[in-house]
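Got the viewer open and a selection box ready? Here's a tour, stop by stop, with what to pick and what you'll find there.

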Amino acid sequence: MPNLRFPEFRESWNSILLEDVAIRGSGHTPSKSNPEYYKGDIKWISLADSKKLDNGYIEDTEIKISPEGIKNSSAVLHPKGSVLLSRDAGVGKSAVMKHEMAVSQHFIVWQAKENILSNWFLYNILQILKPEFERIAIGNTIKTIGLPYFKKLKIRIPGFSEQQKIASFLSTVDKKVQLLTRKKELLEQYKKGVMQQLFSGKLRFKDENGKGYPNWKEKRLGDILKIGSGRDYKHLGKGNIPVFGTGGYMLSVNEKLYSGETVFLGRKGTIDKPFYFNGDFWTVDTLFFTHEFKDALPKFIYIALQQTNLKLYNEASGVPSLSKTTLEKIKLSIPSVEEQQKISDYIFKIDTKIRTITAQITQTQTFKKGLLQQMFV
């Protein structure tokens, strides 16, 4: 029995072959040598849609195929409500089809038998089993799970009414995650649009008297700030000073390399993801840090560098890298300090909202994970 259960249900849960309670289906990829197969409006789930999985419903696909593509391949249309699972390249990700759809050969599909198995109950079981799917997948380049495994897969299920109640309860949590995710996407799109308008000059702030600020001036990065290099931290003891690398926070030590506002810039590896920090820190030699800003606000420089394609300045054919000299020569359009402040305040308020929603998504997902562990056997 599960640890958490609706009080009106008392019957035992039964172990049963998934094959006995759901009809298994598969997919295929129509020949890409025939463009006509990809000139239709049939939604076709492929690896390009991996990011859309694990969010309950899948509503749309990156690629569409035509009836001719279905007719001239082993691809089939699966009814809406079918549950799909990626068995390689993103192994273990699942979703429920909101519409009639086809899938590529990378997926396995089940159509739950009516009044025996709830499709949403099955979806949540697959979510629970995801770590197991990832563990048993084999392969060097692309890990996969063979069909024999799924033919023998057993699941534990209660009566159909209890399945429906559990699935309905959990779907409210899924819907909250979906709404928050959509809200985050809209905010990110809005931020991107605002930044494009600001840096193209189509959108300008005005001062308290309603007057425009002076024109922006082009300046070299080296003329408005200094660039420092990170150092090795292994000789330092443990403490509360964060150490940053190209992947972000690494650990904490007992000494600081610098204190104050800075914009970190990748020196090797990830060179196109600047990030802002304010406080005591140490950084490794894969990062540069900026300091001693002259007529430039660190927050604005961070925003401006987000609008700069730093990959264009890459100096290596292997691992991407940037030199201090190259960074100093990069030219940025800089407004007055007053307008920089207004732009920074506005963009950072959007960033704060995005971080808040991201935290809410994580909290809700963690809450659901706990429910899954408690409500299923």
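Start by selecting Gly245 and Gly248: Gly248, in strand 14, is the bridge partner of Gly245. This is a predicted model, so keep that in mind at every stop. Now widen the selection to strand 13 (residues 238-245) and strand 14 (residues 248-253), which run antiparallel to each other and pair over six bridges. The two strands make a hairpin, with two residues between them.

Keep strand 13 on screen and add strand 16 (residues 275-283). Here the pairing is parallel, over two bridges. To see the register, pick Phe244 and look across to Thr283 in strand 16, which stands opposite.

**Next pick: Thr262**

Thr262 sits in strand 15 (residues 258-266). Is Thr262 buried or exposed? Its relative accessible area is 0%, so Thr262 is buried. Show side chains and draw a distance to Thr290: the side chain of Thr262 reaches the backbone oxygen of Thr290 at 2.8 Å. Leaving out residues up to four places away in sequence, Thr262 touches Phe275, Tyr276, Phe277, Phe281, Phe289 and Thr290.

**Salt bridges**

Opposite charges on side chains can pair when the charged atoms come close. How many salt bridges does a search of the whole structure find? The count is 19. Three of these make good stops.

Select Lys226 and Glu292, whose side chains meet in a salt bridge with an N to O distance of 3.3 Å. Lys226 belongs to strand 12 (residues 226-229), while Glu292 is in the loop between strand 17 (287-291) and helix 7 (298-306); the pair links distant parts of the chain, 66 residues apart. Lys226 has a relative accessible area of 45%, so this residue counts as partly exposed.

Jump to Glu339 and Arg204, another salt bridge, with the closest N and O atoms 2.8 Å apart. Glu339 is in helix 9 (residues 337-375) and Arg204 is in the loop between helix 5 and strand 11 (217-220), so this pair ties together parts that are 135 residues apart in sequence. Turn on a surface and compare the two partners: Glu339 is buried at a relative accessible area of 0%, whereas Arg204 is partly exposed at 30%.

Then pick Glu62 and Lys52, where the closest N and O atoms of the salt bridge are 3.1 Å apart. Glu62 lies in the loop between strand 4 (57-58) and strand 5 (63-65), and Lys52 in the loop between strand 3 (42-45) and strand 4, so the pair ties together parts ten residues apart in sequence. Both partners are partly exposed, Glu62 at 47% relative accessibility and Lys52 at 22%. Add Asp49 to the selection: salt bridges with shared partners join Asp49, Lys52 and Glu62 into one network.

**Two helices to put a ruler on**

Select helix 5 (residues 160-200) and draw a line between its end C-alpha atoms. At 1.5 Å a residue, the 41 residues of helix 5 should span 60 Å, and the end C-alpha atoms are 58 Å apart, which agrees. Step just past helix 5 and check the backbone torsions of Gly201, where phi is positive, at about 85°.

Now do the same for helix 3 (residues 119-136). Its 18 residues should span 26 Å at 1.5 Å a residue, and the end C-alpha atoms are 24 Å apart, which agrees. Where does helix 3 kink? Look at Leu129: there is a kink of about 50° there, shortly before the proline Pro131. Colour helix 3 by burial and you'll pick out several buried residues, including Trp120, Phe121, Tyr123, Lys130 and Phe133.

**Last picks: Phe107 and Ile70**

Phe107 is in strand 9 (residues 107-112) and, at 1% relative accessibility, counts as buried. Beyond its neighbours within four places in sequence, Phe107 has contacts that include Ser26, Ile45, Leu47, Leu53 and Leu84. For scale, the C-alpha atoms of Phe107 and Leu287 are separated by 41 Å, with their positions 180 residues apart along the chain.

Finish at Ile70 in helix 2 (residues 67-71). Ile70 has 17% relative accessibility, so it counts as buried. With neighbours within four places set aside, Ile70 is in contact with Ile42, Ile65, Ala75, Val76, Leu77 and Ala102. A C-alpha to C-alpha line from Ile70 to Asp285 comes out at 54 Å, for residues 215 apart in sequence.

Methods
Residues are numbered from 1 along each chain as its sequence is written. This is a predicted model: local features need pLDDT of at least 70, side-chain atom pairs count only at pLDDT 80 or more; totals for chains, interfaces and linings use all residues. Side-chain values use heavy atoms; hydrogens and water are left out. Helices (H or I, at least four residues) and strands (E, at least two) are DSSP runs, numbered from the N terminus. The expected span of a helix is 1.5 Å times one less than its number of residues. A salt bridge is a side-chain nitrogen of Lys or Arg within 4 Å of a carboxyl oxygen of Asp or Glu. Buried means under 20% relative accessible area, exposed over 50%, partly exposed in between (1.4 Å probe, protein chains only). The bend at a residue is the angle between axes fitted to the seven residues ending there and the seven starting there. Contact means heavy atoms within 4.5 Å. A polar contact is a pair of N or O atoms within 3.5 Å; within protein, one must be able to donate a hydrogen and the other to accept it, and residues adjacent in sequence count only if both atoms are side-chain atoms. Two strands pair if DSSP finds at least two bridges between them.
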